[in-house]
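I opened this model to look up its confidence, its nonpolar cores and two individual positions. My entries are set down below in the order in which I made them.

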Amino acid sequence: VDLLNSLPSDKVNVTDLIKLNLRVSKIAKKRGSPGKENVLLRECLERLQPFKWKDYDLSLEVYDAVIVSEYTLGNQDRVTIAIEEVLDHAKCLDDKVSAFLHRVKSLCETKDYAMAAHEGVRILNMFSYNIPLKPTKLDLVREKMKLRLAFKGRSYASLTNLPVVDDPLTELFSEVCRDCLFSGQPRLVVVIAWTAVRRAIEKGIDRCFPLCLVMLGTLLGKKGNVRAANEIGNVALMISENFRNNTGYSYTQFATYAGIILYLQPFRSGVDVLQQCYKDLKFSGKFDFALGSMLNYFYAYFAAGLNLGSILESKLLVLDEFSQSIDKSGFAATFQIHRQFVINLRQRSEQPTLMNGPAFQQEKALSEMNDQASKMALRDASIFRLELAFIFNDIECMAAMLETLAAYPFEDQVI
């Protein structure tokens with residue numbers, strides 16, 4: 001394909017060459033080469049320009065693939081251009097699903113999860129749903145009645161018997177659920193998750209459906225309903241077994257262990273699972289999910305009381321550098337905070353509860369960030385400073401950190 005790409009357009013069949021580039025880009029993606037995949041897709045896009053949208057199906061396939069690839073590599077400007085191209089030319093809502101999904105995901109890059117959630121709800125309502133932006137108690141009662149009618153007296157376990165289907169809109173449901181959870185909108189999480197369940201009962205289960213259950217279970221766990229959370233988490237894991245060869249399986253494993261399973265199992269049991277999820281998700285190009293898996297790996301690692309040696313510091317440094325290489329500065333800052341936490345525990349210091357060392361200098365780092373990124377980094381730093389204050393019995397620091405964290409929604413706090 002590289003040889004054919006070097007030839008001028010008048011020497012090749014352009015349509016066949018675009019299709020060949022698409023095929024080879026998929027091979028590159030499966031082999032864990034997102035950079036090569038992106039090069040091939042940009043070649044597709046360049047060759048397509050003289051007759052784009054005249055061949056509708058080919059144009060849509062190319063632009064959808066470009067959106068996913070550019071988003072994976074953090075090229076937000078290119079993502080936005082491709083999204084607008086699809087939204088302007090796609091003939092129906094179903095053909096716009098991937099563009100809609102990545103519009104919501106792109107909003108998450110700014111860490112404004114509330115805006116992403118509201119945009120997601122607006123888009124879902126375009127598909128004949130009637131999801132309220134601010135559900136009331138009455139709305140919850142109505143949705144619960146709809147869910148009971150859909151279940152017909154059965155439990156969540158009955159969902160494991162549903163047929164497997166390809167339903168792209170389900171991924172949008174799972175993404176909006178996550179954004180609502182992260183932005184502290186619990187009622188909206190419940191309404192969207194229940195709506196996704198009713199859709200699954202009607203149409204069948206898609207690879208992303210278990211993620212909707214995981215978000216619902218995570219919320220229930222944070223609200224103290226651990227038994228119900230664990231039941232839903234186990235159902236999500238059972239359903240994900242249908243998709244073992246898909247990245248949805250690894251993400252479901254990661255999200256379930258991070259948000260639900262470790263309530264009732266030893267932290268140590270999640271360490272190896274989360275590390276394997278990171279490897280699988282990174283290999284498949286799902287960098288956001290991969291890095292999220294490693295964040296929770298370290299939470300489980302610390303909570304399990306495992307060895308805080310130099311190997312752990314090296315892992316954190318590698319992840320910091322990798323995050324920066326793919327323009328994920330938010331993840332990079334969090335891994336720097338993790339590493340400074342480890343340094344404070346391993347090395348003697350007059351002020352061990354401060355984040356002011358070789359890995360992370362809080363005041364300097366926050367001053368260089370935009371408002372939203374600074375807010376998220378302050379949350380993460382305050383959580384780890386609270387842990388340090390507890391370990392070193394610094395009561396004043398504990399009080400100060402609790403006061404800082406009081407401004408954040410409970411669902412957004414790892415601690």
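The entries that follow cover confidence, then the cores, then the two positions.

**Confidence.** I noted that the model is predicted. I read an average pLDDT of 90 for the protein chain, with 98% of the residues at 70 or above. Among the elements, I found the lowest mean pLDDT, 85, in helix α13 (residues 247–259). The highest, 95, belongs to helix α10 (residues 186–203).

**Largest core.** I looked up which members of the largest nonpolar core touch the most others. In this set of 118 residues they are Tyr-156 and Leu-213. Helix α15 (residues 287–303) supplies the largest share of this core, with 12 residues. I then listed the contacts of Leu-213 beyond four places in sequence: Tyr-156, Leu-159, Val-197, Ile-232, Val-235, Ala-236 and Ile-239.

**Second core.** I recorded a separate core of nine residues, among them Leu-386, Cys-397, Met-398 and Met-401.

**Cys-397.** I located Cys-397 in helix α20, which spans residues 395–405. Its relative accessibility is 7%, so I entered Cys-397 as buried, the cut-off being under 20%. Outside its neighbours within four places in sequence, Cys-397 contacts Thr-353, Arg-385 and Ala-389. For Arg-385 I also noted the separation from Cys-397: 12 residues in sequence and 7.7 Å in space, C-alpha to C-alpha.

**Ser-174.** I placed Ser-174 in helix α9 (residues 169–182). I entered Ser-174 as buried because its relative accessibility is 7%. Setting aside residues up to four places away in sequence, I found Ser-174 touching Cys-208, Leu-211, Cys-212 and Met-215.

Technical notes:
Residues numbered from 1 in each chain as written. Predicted model: local features only at pLDDT ≥ 70, side-chain atom pairs only at ≥ 80, totals over all residues. Heavy atoms only, no water. Helix = DSSP H or I, 4+ residues; strand = E, 2+ residues; numbered from the N terminus. Buried < 20%, exposed > 50% of the residue type's maximum accessible area, 1.4 Å probe, protein only. Contact = heavy atoms within 4.5 Å. pLDDT = per-residue confidence, 0-100. Core = buried A, V, L, I, M, F, W, Y, C linked by side-chain atoms within 4.5 Å.
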